[in-house]
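Colleague: I would like a close look at a single helix. Please take one and go through it in detail.

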Amino acid sequence: MQLQIYKDYTALSAATASEIISLLKQKPTAVICLASGDTPRLTCQLLVQKGLEEKIDFSRFSFIGLDEWVGIPPENEGSCRYFFETLLIKPLKLSPSQVHLFDALSTDLENECKKMDALIAEKGGIDLMIVGIGMNGHIGFNEPGVSFSNYAHVIDLDDTTISVGQKYFKGPVHLKQGITLGLKHLMNSKQAILIANGTKKAGVIEQAIAGGVSNLFPATIIQQHANGFVIVDEEAAANIKG
Ligand code: F6R
């Protein structure tokens, strides 16, 4: 794993967007998975801006959404689908056939997981996976205690995720479960990038990169990814020693 520290949120987002663009230049049919949330918001915006300026071919890659809140409809502004629709799918005019998001309203969530695992396998795996980190050390909805060998799965959300997650919604919302790619997907991805910004992430970033690898703090697994990167701004890097 490599650590990269950028001056601020804009610089780290520009660097992350550039990683996506350079992959698409090399491999227009790449399979790319992104998290939603506050951290990747500017990465998505810069990807659209720079990508359109540079006339990148966005028509052939496969886009995979990392996770979704179970029971939250797509039109809800706090859903992951809404985030991707607004920030990537519409601005890049992605076709439905290249976009793969969990249907968290499905009556058969196990089948949603199986379908996603099969799709990723059929495409030859994920080329680039860009994830955030939760205040409990989660990646996607891989909550503390999760098995490192999980592929896609449905999981009961941790109390921290339920309370922090309220920030995405207009009013209080009942969050109970998430559907998510597993850490096995992260470890199998050809490149993995964990991004974090701001002072509030300094503690979790310190633990993710310097703590012992443990499923009680799932993000520590990034230490074991052979082509793993942690890309942070100076605020999120504040607790990292020399
Ligand atoms: C969201 C997701 C979550 C977030 C994490 C950080 O799709 O997978 O794991 O990446 O909770 O969220 P933000 O970026 O809002 O601080």
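Modeller: Here is helix α4, followed by the chain around it.

This is a predicted model, in which local features need pLDDT of at least 70, side-chain atom pairs count only at pLDDT 80 or more, and totals for chains, interfaces and linings use all residues. Residues are numbered from 1 along each chain as its sequence is written, and side-chain values use heavy atoms, with hydrogens and water left out.

Helix α4 covers residues 109-122, 14 residues in all. Helices here are DSSP runs of H or I, at least four residues; strands are runs of E, at least two; both are numbered from the N terminus. From first C-alpha to last, α4 reaches 20 Å, close to the 20 Å expected at 1.5 Å a residue. That expected span is 1.5 Å times one less than the number of residues.

Its buried residues are Leu109, Glu112, Cys113, Met116, Leu119 and Ile120. Buried means under 20% relative accessible area, exposed over 50%, partly exposed in between (1.4 Å probe, protein chains only). Seen down the axis of α4, the buried residues fall within an arc of 130°, so they line one face. The arc is that of the directions from the helix axis to the C-beta atoms. An α-helix has 3.6 residues a turn, so residues three or four places apart point the same way.

The face turned away from the buried side carries exposed Glu110, Lys114, Ala121 and Glu122. Cover for the buried residues includes β3 (62-65), β5 (99-100), β7 (153-156), β8 (177-180) and α6 (183-188). Just after α4, glycine 124 takes a positive phi of about 85°.

The protein chain has seven helices and ten strands. Buried residues make up 53% of its 242 residues.

Terms used
Contact means heavy atoms within 4.5 Å.
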